[in-house]
Amino acid sequence: INYLCLCFLSYDASKGGFFNQDGTSCFNYISDELQDLHDDGLCIAVSWGGGINQDIPSSDDDLSNIGKIANDFDAFAKKYGFIDGLDIDFETSSWKSPDKTSKETRINNTQFIDQLSEEIKKINQNYVFTISATASQFSPDCGYGLVGNDQGLGLIDFTHIDGMMLQWYEG
């Protein structure tokens, strides 16, 4: 294993950027261990989003703030010293929208991911940027059933994305 992704983060510019969902940091408890793993060559990333946290971009205004969000991530990573990347885990297909299946809202979400990955790479080309695609972005039998050329995953530009983690839920 050479990649570890942990801590579902929230983001709020008015609260200083990125923070753990419960307002604390898991790094306060295991930072020495994570630093040792990092020093031994493990790539450590943090995840923004998650199934219980839909603190994701909510308007076109967020597209204009991408540079600030990227800079806030850089500051968060430098604060701890062992964070090598960011994983985007937006478990809806769209922004906060009552119509989570409309093509227009998914395009805004993919524009956000495309632009954020590019901005983060401008700050530090060595940052790892991944996305966690949900099963609903692959199979019509899961979640929203978004498949085909107009679904969110098909619209993402992978130029600045280093990898994708597939999440699959059954039940």
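**Entry 1: the salt-bridge network in α4**

I looked first at Glu118, Glu119 and Lys122, and I recorded that salt bridges link these residues in a network. I note at the outset that the model is predicted.

For one pair in this group I looked up the separation: the closest N and O atoms of Lys122 and Glu119 lie 3.2 Å apart. I then asked where the two residues sit in helix α4. They are 3 residues apart in that helix, which spans residues 103-123, so about one helical turn separates them. For cover, I entered Lys122 as exposed, because its relative accessibility is 57%. Glu119, at 25%, I entered as partly exposed.

**Entry 2: Lys121 and Asp162**

I turned next to Lys121, whose side chain meets that of Asp162 in a salt bridge, 2.7 Å from N to O. This pair links distant parts of the chain, 41 residues apart: Lys121 belongs to helix α4, whereas Asp162 lies in the loop between α5 (152-155) and β6 (163-166).

Is Lys121 buried or exposed? I found a relative accessibility of 7%, so Lys121 counts as buried. Asp162 counts as partly exposed, because its value is 47%.

**Entry 3: Lys78 and Asp74 in α3**

I looked up the salt bridge between Lys78 and Asp74, for which the N to O distance is 3.1 Å. Both residues are in helix α3 (residues 66-80), and because they are 4 residues apart there, about one helical turn lies between them.

I checked the cover of each partner. Lys78 counts as exposed at 60% relative accessibility, whereas Asp74 counts as buried at 10%. The threshold for buried is under 20% relative accessible area, and therefore a value of 10% qualifies.

I also noted the total for salt bridges, which comes to 5. As background, I wrote down that side chains of opposite charge can pair when their charged atoms come close.

**Entry 4: a negative patch**

I then searched the surface for charge and found a negative patch gathered from Asp32, Glu33, Asp36, Asp39 and Asp40. I chose Glu33 for a closer look and placed it in helix α1, residues 27-39. Its relative accessible area is 45%, so I recorded Glu33 as partly exposed. Membership of a patch requires over 30% relative accessible area and no salt bridge; the 45% of Glu33 therefore meets the area cut-off.

**Entry 5: strand β3 and its partners**

How many residues of strand β3 (residues 43-49) are buried? I noted 7 of its 7 residues as buried, and hence the strand as mostly covered.

I then looked up the pairing of β3. Strand β1 (residues 3-12) runs parallel to β3, and 6 bridges join the two. Within this pairing I traced Tyr3 to its bridge partner in β3, which is Cys43. Strand β4 (residues 85-89) also pairs with β3 in the parallel sense, over 5 bridges. Here I traced Ala45 to Gly85, its bridge partner in β4.

**Entry 6: Gln115**

I closed with Gln115, which I placed in helix α4. At 34% relative accessibility, Gln115 counts as partly exposed. I also looked up its separation from Ser64: the two residues are 51 residues apart in sequence, and their C-alpha atoms are 9.9 Å apart in space.

Technical notes: Residues are numbered from 1 along each chain as its sequence is written. This is a predicted model: local features need pLDDT of at least 70, side-chain atom pairs count only at pLDDT 80 or more; totals for chains, interfaces and linings use all residues. Side-chain values use heavy atoms; hydrogens and water are left out. Patches are made of residues with over 30% relative accessible area and no salt bridge: like charges are joined within 9 Å, nonpolar side chains (Val, Leu, Ile, Met, Phe, Trp, Tyr) within 5 Å. Accessible areas come from the Shrake-Rupley method with a 1.4 Å probe; for residues, only the protein chains shown count as cover. A salt bridge is a side-chain nitrogen of Lys or Arg within 4 Å of a carboxyl oxygen of Asp or Glu. Lys and Arg count as positive and Asp and Glu as negative; His and the chain ends are not counted. The place of a charge is taken as NZ of Lys, CZ of Arg, CG of Asp or CD of Glu. Buried means under 20% relative accessible area, exposed over 50%, partly exposed in between (1.4 Å probe, protein chains only). Two strands pair if DSSP finds at least two bridges between them.
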